[in-house]
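Here is a short tour for a newcomer. Have the sequence and the 3D view open while you read.

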Amino acid sequence: MTTPRTISVTGASGYIASHIIEQLLKEGYGVRGTVRRTASAYPWLTALKGAAERLELFSADLLEAGSFERALSGCDTLLHTASPYVINVNDPEHDLLAPALEGTRNVLSACQRAGTIRRVVLTSSIAAVTDEPDSRHTFTEADWNSRSSLGRNPYHYAKTMAERAAWEFMEREKPGFSLVVLNPTLVTGPSLGPGVNTTNGILRDILTGVYPGIMDMNWGFVDVRDTAAAHILAMNTPEARGRYLCSSGELTMHEVVDLLRQNGYSGYRLPKIDLSSKAGTALMKMLSYTQPKDTGTFIRTHIGRAIHISNEKIRRDLKMTFMPPEKSILDAVGDMISQGHLADKKS
Ligand code: NAP
């Protein structure tokens, strides 16, 4: 009998990482995950099938160089998902940039020192590709976000700087491992843990009256289970190279609202006023100044601009297939109801 390969996963508690770990355990791998609290704080991980025998959790912090060593021991692959995923913060440099950028450098240096790692898969984001969609352009892996800063979409800035640092590290150090990067769009779908991820929070906000009207905005969507599967394909495809945009498809806010209305959610406070005209966009740009600072910036850089994303490379190289965004969104909402994050008013 062969011993199962053991995979190291940073940010094991996270929304995406929890699904990666569930799939890895299901496929028979051992997992060494990193977390920031004691294992008893993560019952949804320790209760996974196979966890008792094949999941070990280690304490590590992105800002503590050297804290990842134990989690890498005996592993040939690291999936680096840990990074703060929040849009509004008090101190973007401390709360977003430092953990994303220093964390990525610390983790890659730890892999180099470990000496056994042959592949790193880094969870970057569409945020490292653009923070200002252009309706006439289809984004590909060749596009880089060059506009964000600490003052403008700082989450996008932190993700861009972290991914750039990873590629610079590879160029400079030429370590004994290859790097493959995934750039997911908005990740939706059920959560294994008890929290509501930032992206599913957008769906909850749409259902609970947070949005005054339907804006001229669209998003790329990808399901969390597909995102997890993409990480495993990226680690297991020797010829995988470079970045991979990870997106199932785009939906406008109008389409999301219609989807929810047509699937039994009309009893919720879905936005009714159509603000998707040019006048509506101008009004929403003005109103965006009443929002928390970084939400306001995000609205102003995205409203009135449709995003189009090519998923050709990931489908071709990794043989990735995606479930439709509509299914992922409905599964996310159903899960938020069953976990008590949304009142059950479904008809
Ligand atoms: P999440 O649930 O908030 O997970 C983030 C993970 O990072 C958590 O495990 C968190 O640990 C960990 N983390 C944050 N700061 C840390 C620090 N200083 N030291 C150690 N660990 C730290 O978010 P997610 O959606 O799964 O995101 C995972 C990755 O996917 C992130 O890199 C994010 O940028 C990227 N991504 C997400 C989306 C999306 O729509 N969800 C889209 C594109 C890319 P704690 O539990 O201890 O806080």
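In which sense do strand 5 and strand 7 pair, and over how many bridges? The answer is the parallel sense, over five bridges. Strand 5 covers residues 119-123, and strand 7 covers residues 178-184. One place where they face each other is Thr-123, which stands opposite Leu-182 in strand 7. Keep in mind that this is a predicted model.

## The seven-stranded sheet

Strands 5 and 7 belong to an open sheet of seven strands. The order is 3-2-1-4-5-7-11. The pairing is parallel. Strand 3 (55-59) and strand 11 (242-246) stand at the edges. Each has a single partner strand, so one side of each is left without a neighbour in the sheet. On average, neighbouring strands here are turned by 20 degrees against each other, direction ignored.

Helices lie across this sheet. Helix 6 crosses strand 5, strand 7 and strand 11. Its direction makes about 165 degrees with strand 7. Helix 8 lies across strand 1 (6-10), strand 4 (77-80), strand 5, strand 7 and strand 11. Helix 8 runs at about 155 degrees to strand 5.

## The three-stranded sheet

Another open sheet has three strands, in the order 8-10-12. Its pairing is mixed. Strand 8 (186-188) and strand 12 (249-252) are the edge strands. Each of them has a single partner strand, so one side of each lacks a neighbour in the sheet. Neighbouring strands of this sheet are turned by 45 degrees against each other on average, direction ignored.

How many bridges join strand 10 to strand 12? There are four, and the two strands run antiparallel. Strand 10 spans residues 218-223. Trp-219 has Leu-251 of strand 12 as its bridge partner. Helix 8 (residues 224-236) packs on this sheet too, touching strand 8 and strand 10. Its direction makes about 65 degrees with that of strand 10. Helix 8 thus has contacts with strands of the three-stranded sheet and lies across strands of the seven-stranded one.

## A residue in helix 6

Look next at Phe-169. It sits in helix 6 (residues 154-173). Is Phe-169 buried or exposed? Its relative accessibility is 3%, so Phe-169 counts as buried; the cut-off for buried is under 20%. Leaving aside neighbours within four places in sequence, Phe-169 is in contact with Leu-108, Ser-109, Gln-112, Lys-174, Pro-175 and Phe-177. Arg-105 is 64 residues from Phe-169 in sequence, yet their C-alpha atoms are 7.6 Å apart in space.

## Salt bridges

The structure holds 18 salt bridges. Three of them are set out here.

| Pair | Closest N to O distance |
|---|---|
| Arg-105 and Glu-102 | 3.1 Å |
| Arg-136 and Asp-134 | 3.2 Å |
| Asp-331 and Arg-225 | 2.8 Å |

Take Arg-105 and Glu-102. Both lie in helix 5 (residues 92-114). They are three residues apart, about one turn of the helix. Arg-105 is partly exposed, at 36% relative accessibility. Glu-102 is partly exposed as well, at 32%.

Now Arg-136 and Asp-134. Arg-136 counts as exposed, at 77% relative accessibility. Asp-134 counts as partly exposed, at 24%.

What does the bridge between Asp-331 and Arg-225 tie together? Asp-331 forms this salt bridge with Arg-225. Asp-331 lies in helix 13 (residues 325-338) and Arg-225 in helix 8, so the pair ties together parts that are 106 residues apart in sequence. Asp-331 is partly exposed, with a relative accessible area of 22%. Arg-225 is also partly exposed, at 24% relative accessibility.

Some charged residues form a network. Asp-131, Glu-132, Arg-147, Arg-152 and Arg-305 are linked by salt bridges in this way.

## Around the ligand

How many residues surround the ligand? The number is 25. The closest are Ser-13, Tyr-15, Arg-36, Tyr-155 and Lys-159. Ser-13 places a polar side-chain atom 2.7 Å from an oxygen atom of the ligand. Arg-36 has a polar side-chain atom 2.9 Å from an oxygen atom of the ligand. Asp-61 has a side-chain N or O atom 3.3 Å from a nitrogen atom of the ligand.

Note on methods:
Residues numbered from 1 in each chain as written. Predicted model: local features only at pLDDT ≥ 70, side-chain atom pairs only at ≥ 80, totals over all residues. Heavy atoms only, no water. Pairing = 2+ DSSP bridges. Axes fitted to C-alpha atoms, helices over the stretch in contact; angles between N-to-C directions. Contact = heavy atoms within 4.5 Å. Buried < 20%, exposed > 50% of the residue type's maximum accessible area, 1.4 Å probe, protein only. Salt bridge = Lys/Arg side-chain N within 4 Å of Asp/Glu carboxyl O. Near = heavy atom within 4 Å. Polar contact = N/O pair within 3.5 Å; in protein donor to acceptor, adjacent residues only side chain to side chain.
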